[in-house]
Amino acid sequence: MFWLLTLPFRIVFGVLVALVALPLAILALPLALLALPFLLLRVVIKAFVALMVLPIVLLVAGIGVVVTLFAVALVVALPLLPFALIAFFIWALVHVASRPAIRTI
């Protein structure tokens with residue numbers, strides 16, 4: 001509600017400030033044009049650095065993906081490890097206790 005009450009005053013003072021600042025903006029325009037080459041140089045340098053760093057970032061991201069997939073596979077397989085060990089011990093016991101196969105030549 002307060003914002004609506006003060007809206008006409010804000011509009012009037014905003015227009016007055018804009019009218020006072022307009023000549024200063026017109027005077028500052030040549031200085032802005034002098035800064036333009038430096039801004040373009042900044043863009044070129046940032047693009048060059050980005051192209052140099054991009055392979056490193058992709059390599060690190062690839063290593064991160066591989067490590068993440070390994071961790072997920074380990075988390076999924078870890079609860080099944082006791083069952084695998086039990087199956088291995090049963091297989092080893094049966095293998096040791098069974099008679100060797102008879103070879104006929």
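This is a short tour of one chain, stop by stop.

The model is predicted: local features need pLDDT of at least 70, side-chain atom pairs count only at pLDDT 80 or more, and totals for chains, interfaces and linings use all residues. Numbering starts from 1 along each chain as its sequence is written, and side-chain values use heavy atoms, without hydrogens or water.

**Whole chain.** Show the cartoon. The secondary structure comes to two helices and zero strands (DSSP runs, H or I of at least four residues for helices, E of at least two for strands, numbered from the N terminus). The radius of gyration, taken over C-alpha atoms, is 37 Å, well over the 13 Å of the globule rule (2.2 Å times the number of residues to the power 0.38) for 105 residues, so the chain is more spread out than a compact globule. Along its principal axes, the C-alpha trace spans about 110 × 45 × 15 Å. Of the 105 residues, 1% count as buried (under 20% relative accessible area; exposed is over 50%, partly exposed in between; 1.4 Å probe, protein chains only).

**Helix α1.** Select residues 2-77. Go to Leu5, in this helix. Leu5 counts as exposed because its relative accessibility is 58%. Move on to Leu54, also in α1. At 42%, Leu54 counts as partly exposed.

**Helix α2.** Select residues 81-97. The end C-alpha atoms are 24 Å apart, in agreement with the 24 Å expected for 17 residues (1.5 Å times one less than the number of residues). Among these 17 residues, the count of buried ones is zero.

**Last stop.** Pick the C-alpha atoms of Leu5 and Ala87. They are 82 residues apart along the chain and separated by 80 Å.
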